[in-house]
Amino acid sequence: MKTEKRSFFFVQIKKVLQFLDRDPAQSIDEARQWIRTINEGIDGNQYIAWAIALKNDPGLIGTITFWNIKKEHYRAEIGYALHPRFQGRGLSAGSHDSSS
């Protein structure tokens with residue numbers, strides 16, 4: 001439950017969601033449903049997603065996702081979600097280097 005509450009920022013903080021076409025989750029249950037939807041997309045090969053965590057702290061601080069995948073053209077769009085407390089530190093760029 002601690003990890004679940006800690007990761008709730010991903011679907012609750014407006015600054016994290018500012019470039020997504022969705023409103024912040026209003027409850028843990030609503031967040032769970034959104035995460036289930038994402039997992040279904042991953043299972044259906046619509047997305048590839050990784051968690052971003054610090055080396056000394058395994059808690060989720062963000063995600064990096066390949067989405068809008070065009071297999072026939074060997075390309076995808078890259079999306080990031082990073083907790084505001086960790087923004088501006090170059091972590092998304094470092095995550096991109098680790099995922100490619």
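Read from the N terminus, the elements of this protein follow the order α-α-α-α-β-β-β-α, and the model in which they appear is a predicted one. Counted by kind, that makes five helices and three strands. The protein has 100 residues, of which 28% count as buried, and its accessible surface comes to about 7,200 Å², with 51% of that surface belonging to carbon and sulfur atoms. As for how the chain meets itself, 30% of the contacts between residues at least 6 apart in sequence join residues that are at least 24 apart.

A good place to begin the walk is helix H4, which covers residues 28-43. This helix has 16 residues, and the distance from its first C-alpha to its last is 22 Å, close to the 22 Å expected at 1.5 Å a residue. Which residues of H4 are buried? They are Ala31, Trp34 and Gly41. Seen down the axis of H4, the buried residues fall within an arc of 75 degrees, so they line one face of the helix. The face turned away from that buried side carries residues of the opposite kind, namely the exposed Asp29, Glu40 and Asp43.

After H4 the chain enters a loop that leads to strand E1, and Asn45 lies in this loop. The backbone at Asn45 deserves a pause, since its phi is positive, at about 60 degrees, although the residue is not a glycine. As a general background, most residues other than glycine have a negative phi.

Beyond the loop come the strands. Strand E1, residues 48-54, pairs with E2 in the antiparallel sense over six bridges, and the two form a hairpin with two residues between them. Within this pairing, Ala49 stands opposite Thr65 in E2, while the bridge partner of Trp50 in E2 is Ile64.

Strand E2, which spans residues 57-70, also pairs with strand E3, residues 75-82, again in the antiparallel sense and over seven bridges. Here Phe66 stands opposite Ile78 in E3, and Trp67 has Glu77 as its bridge partner in E3. The hairpin of E2 and E3 has four residues between the strands, and in it Tyr74 takes a positive phi near 55 degrees. E2 thus takes part in both pairings, with E1 and with E3.

Two residues of E2 show what this position brings with it, and Thr65, which lies in that strand, may be taken before the other. Is Thr65 buried or exposed? Its relative accessible area is 18%, and because residues under 20% count as buried, Thr65 is classed as buried. The C-alpha atoms of Thr65 and Ala49 are separated by 4.3 Å, although the two residues are 16 places apart along the chain, and these are the residues already met as standing opposite each other. When its neighbours within four places in sequence are left aside, Thr65 is in contact with Tyr47, Ile48 and Ala49, and also with Glu77, Ile78 and Gly79. Of these, Ile48 and Ala49 fall within the residues of E1, whereas Glu77, Ile78 and Gly79 fall within those of E3.

The other residue is Asn68, which likewise lies in strand E2. At 32% relative accessibility, Asn68 counts as partly exposed. Its backbone has a positive phi of about 50 degrees, although Asn68 is not a glycine. With the neighbours within four places in sequence left aside, the residues in contact with Asn68 are Gln46, Arg75, Ala76 and Glu77. For one of these, Glu77, the link includes a polar contact between the side chains, at 2.5 Å. Glu77 is also the residue that bridges to Trp67, so that it has already appeared in the pairing of E2 and E3. Towards the other strand, Asn68 and Ile48 lie 20 residues apart in sequence and 10.0 Å apart in space, C-alpha to C-alpha.

Terms used. Residues are numbered from 1 along each chain as its sequence is written. This is a predicted model: local features need pLDDT of at least 70, side-chain atom pairs count only at pLDDT 80 or more; totals for chains, interfaces and linings use all residues. Side-chain values use heavy atoms; hydrogens and water are left out. Buried means under 20% relative accessible area, exposed over 50%, partly exposed in between (1.4 Å probe, protein chains only). Contact means heavy atoms within 4.5 Å. Accessible areas come from the Shrake-Rupley method with a 1.4 Å probe; for residues, only the protein chains shown count as cover. Two strands pair if DSSP finds at least two bridges between them. The expected span of a helix is 1.5 Å times one less than its number of residues. The arc is that of the directions from the helix axis to the C-beta atoms. A polar contact is a pair of N or O atoms within 3.5 Å; within protein, one must be able to donate a hydrogen and the other to accept it, and residues adjacent in sequence count only if both atoms are side-chain atoms.
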